[in-house]
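Me: I am new to this structure. Could you take me through it in short questions and answers?

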Amino acid sequence: MDRVWKRLSGPLSRRAGSLFRHHRFGLYILAVLVGLASGLGAVLFRLGIDAWSRLLSGADDYTVSMGPSVGLLAPLGTWFVLVTPVLSGLLTGPLMSRLGHTPTGHGVAGVIWSTRHGDGTMVPLPALAATTSAALTIGGGGSVGPEGPIAELGASTANIIGRGLRLPRSSIRHLAAAGTAAGIASAFNAPLAGAFFALEVILMGFSADAFIVIVLACVSSTVLSHHLLGTTLSLSLPYLDLSGDAQLGWVALLGVVGGGVGIGFMRLRFVILDALTRAWQRLGVPIWARPGIGGLAVGATLLILPEMYGESSATLNRALAGRYALTLLLVLCVAKMLATSLTLGMGFIGGVFAPSLFIGGTLGAAFGTLVAPSYAPAAGVFGVIGMGAVFAGAARAPMTAVLLIIEMTGQHALLVPLMLATVLATFISRFLSRGTLFTEELRRRGEDVEDPMSTTLLGRTHASRLMVDPPDVLQAMAPLSQAASVMSRRGVSALPVVAGGQDGTGELLGCVTAAQLAGTILSDESDDASARPATLADLPLVRDRLHCEDEATDVLQALTGTRLEGLPVVARAAGSGAEELVGWVSHRIVVERLYEVQAQARAAAATYTSWGSRLQDKWHSRPVPPRRIGRISRISRISPRSSRRSRRR
């Protein structure tokens with residue numbers, strides 16, 4: 001029975017795989033599935049955060065009341081905030097140490113890295129471990145956001161679906177970006193902002209195919225989230241208005257300040273991370289134990305300022321409602337930067353997206369209280385604008401910032417000032433720093449995602465990745481006749497010459513060419529035989545060479561400037577410092593690499609089609625009926641005179 005089922009289902013599965021691999025309609029179906037999976041993951045993630053927070057503190061959002069615990073830790077009273085991060089850390093550390101290892105890294109930065117070096121997907125098991133750890137972190141009071149693990153979880157769904165169906169790399173990359181956007185859309189109830197986040201931050205470009213796939217995923221995830229969690233806005237605010245265009249000058253100033261604060265938050269995060277990492281290494285604390293021990297410092301922060309618990313949503317609502325004084329707003333702004341940096345530095349898992357919104361909201365509320373103390377909604381108006389400014393400065397994604405704030409708050413009247421503030425914040429951010437809140441981590445790993453060289457076919461590929469084994473290696477003391485024989489047998493015009501080492505390795509002396517050998521061997525016999533070169537070491541060898549760390553541009557420059565068909569690649573020996581032969585790069589190797597990329601692109605273009613175009617091709621290639629053939633032949637036999645006569649009639 002199983003054999004019969006496999007025989008019957010084999011053609012169907014092949015046709016289904018062809019549909020998803022080679023047709024846009026199939027890719028759109030997969031985008032909806034990825035959106036539903038990412039939306040469900042985001043919903044479960046949110047329920048997990050609320051459940052853990054309710055278990056420890058007795059409330060979904062502890063910052064609503066900030067009183068003693070009414071949950072599992074009720075006997076500790078208000079001191080329970082000292083214990084909750086420790087409990088979360090004791091679970092998070094071993095979980096991430098055992099299951100969280102991945103070469104891409106975690107969060108939004110990991111998705112960006114995977115998009116640049118692979119197909120944009122994330123490994124499912126580490127993504128699930130990171131999501132679980134983030135739920136424990138946020139529910140236990142860690143001052144981080146949910147967007148990083150959600151983005152990673154969404155990209156992992158594309159891994160399961162895309163690689164399972166063996167989709168092309170470009171299609172999987174679009175599905176991974178769609179999964180990330182769907183998770184963001186579901187988490188913040190902002191489908192359009194989620195779509196532009198994937199385009200601006202993940203893909204760093206716009207195309208119609210990517211936009212359609214991402215929007216379908218965002219719509220499906222948002223609809224699922226509405227059915228499961230409701231349709232309420234992330235921030236409940238009254239109607240806000242700027243009260244005249246004269247205030248745009250203050251908005252511009254807030255945009256400049258917000259961009260600087262966003263970059264300051266990014267720098268502070270990595271300064272604290274480096275300091276804590278050095279301290280952990282100096283003390284010899286293993287990685288799995290760091291969150292549990294560091295939870296004491298996070299708990300002490302919460303004991304002083306319980307408003308920093310988790311995402312601090314209720315605290316942000318109160319700040320935008322104007323219920324805090326100017327001094328306290330500034331304290332909350334600085335404290336959030338420190339608390340988030342401390343939480344991540346201690347080894348906890350989470351995002352920095354939501355904390356940047358809190359920092360911007362409190363900064364903007366303080367700014368509004370300062371410049372317009374007599375205007376009642378000033379804290380809310382400038383707070384909303386400050387959220388967009390700080391996020392745009394930190395993430396350098398102005399379109400996402402505008403759409404996100406509008407969708408989270410519903411304040412469409414603030415669209416114009418938001419646009420002005422986010423653009424100025426982005427300008428200041430680019431002026432002050434090359435990295436962003438998400439790309440700075442990659443820059444510290446040696447990956448510059450905004451490098452113009454990354455858009456070329458070879459990019460900054462090193463010679464060590466382009467080289468192959470030399471066609472052959474000649475010894476310095478080899479006679480000329482032997483060298484000529486080897487060169488003729490290999491069919492090359494140049495070979496490397498080394499001193500010592502019979503296994504093809506040794507210090508590179510240079511390269512000998514066929515022209516040199518021919519000129520020397522065929523020299524006039526009347527010349528003095530004693531002065532004639534006897535071995536390769538006696539010849540003036542070509543000294544051109546490449547080093548392993550040379551980039552593709554250096555390789556191309558050297559190949560175009562030399563008369564050789566290839567160049568040797570050398571690396572310095574550890575002890576002596578001599579340049580040892582390690583590989584060979586030729587014109588043919590570079591051309592083959594370029595052809596490989598071109599051939600893959602042409603194959604993808606030939607197979608990537610749509611049902612409409614296929615139907616048109618079948619219609620035009622269908623056989624012509626005999627009746628129509630006879631009609632065409634009769635028309636062709638009509639004389640020009642009769643045709644003119646018929647036209648007169």
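The turns below go from confidence to helices, cores, salt bridges and strands.

Me: What kind of model is this, and what is the mean pLDDT of the protein chain?
Reply: This is a predicted model, in which local features need pLDDT of at least 70, side-chain atom pairs count only at pLDDT 80 or more, and totals for chains, interfaces and linings use all residues. Residues are numbered from 1 along each chain as its sequence is written, and side-chain values use heavy atoms, with hydrogens and water left out. pLDDT is the predictor's confidence in each residue, from 0 to 100. In the protein chain 84% of residues reach 70 or more, and the mean is 83.

Me: Which helix has the highest confidence, and which the lowest?
Reply: Helices (H or I, at least four residues) and strands (E, at least two) are DSSP runs, numbered from the N terminus. Confidence is highest in helix 13, at a mean of 94. It is lowest, at 49, in helix 26 (residues 640–648).

Me: How many contacts beyond four places in sequence does the model have for residues 8–13?
Reply: Contact means heavy atoms within 4.5 Å. Over residues 8–13, pLDDT stays under 50. The number of such contacts there is zero.

Me: Is helix 12 mostly covered or mostly uncovered, and which of its residues are buried?
Reply: Buried means under 20% relative accessible area, exposed over 50%, and partly exposed in between (1.4 Å probe, protein chains only). Six of the eight residues of helix 12 are buried, so the helix counts as mostly covered. The cover includes helix 13 (326–345), helix 14 (353–371) and helix 15. The buried residues are Ala314, Thr315, Leu316, Arg318, Ala319 and Leu320.

Me: Which residue just after helix 12 takes a positive phi?
Reply: The phi angle in question is about 75 degrees. The residue is glycine 322.

Me: Which helix gives the most to the largest nonpolar core?
Reply: A nonpolar core is a set of buried Ala, Val, Leu, Ile, Met, Phe, Trp, Tyr and Cys residues joined through side-chain atoms within 4.5 Å. The largest has 120 residues, and Leu175, Ile214, Leu357 and Phe438 touch the most other members. With 13 residues, the top contributor is helix 15 (residues 378–395).

Me: How many residues are in the second, separate core?
Reply: Its members include Leu458, Ala463, Leu546 and Ala552. The count is 17.

Me: Which residues does phenylalanine 438 touch, beyond four places away in sequence?
Reply: Phenylalanine 438 is one of the best-connected members of the largest core, touching the most other members along with Leu175, Ile214 and Leu357. Its partners are Val108, Ala109, Ile112, Phe197, Val201, Val352, Phe353 and Ala395.

Me: Is leucine 403 buried, partly exposed or exposed, and what does it contact?
Reply: Leucine 403 lies in helix 16 (residues 398–409). Its relative accessibility is 21%, so it counts as partly exposed. Leucine 192 is 211 residues away along the chain, yet the two C-alpha atoms are 6.7 Å apart. Leaving aside neighbours within four places, the contacts of leucine 403 are Leu192, Ala193 and Phe196.

Me: How many disulfides does the structure hold?
Reply: A disulfide is a pair of cysteine sulfur atoms within 2.5 Å. Cysteine 218 is buried at 2% relative accessibility, and cysteine 333 is buried at 4%. The number of disulfides is zero.

Me: Which residue forms a salt bridge with arginine 46 at 2.9 Å?
Reply: A salt bridge is a side-chain nitrogen of Lys or Arg within 4 Å of a carboxyl oxygen of Asp or Glu. By this rule there are ten. Arginine 46 is in helix 2 (residues 24–57), and its partner is 265 residues away, in the loop between helix 11 (290–304) and helix 12 (313–320). That partner is glutamate 311.

Me: Where do arginine 443 and glutamate 440 sit, and how far apart are their closest N and O atoms?
Reply: The two are three residues apart in helix 18, so about one helical turn separates them. Arginine 443 is partly exposed at 34%, whereas glutamate 440 is buried at 14%. Their closest N and O atoms are 3.8 Å apart.

Me: How many bridges join strand 5 to strand 6?
Reply: Two strands pair if DSSP finds at least two bridges between them. Strand 5 (residues 566–572) and strand 6 run antiparallel, with valine 569 opposite glycine 583. The number of bridges is seven.
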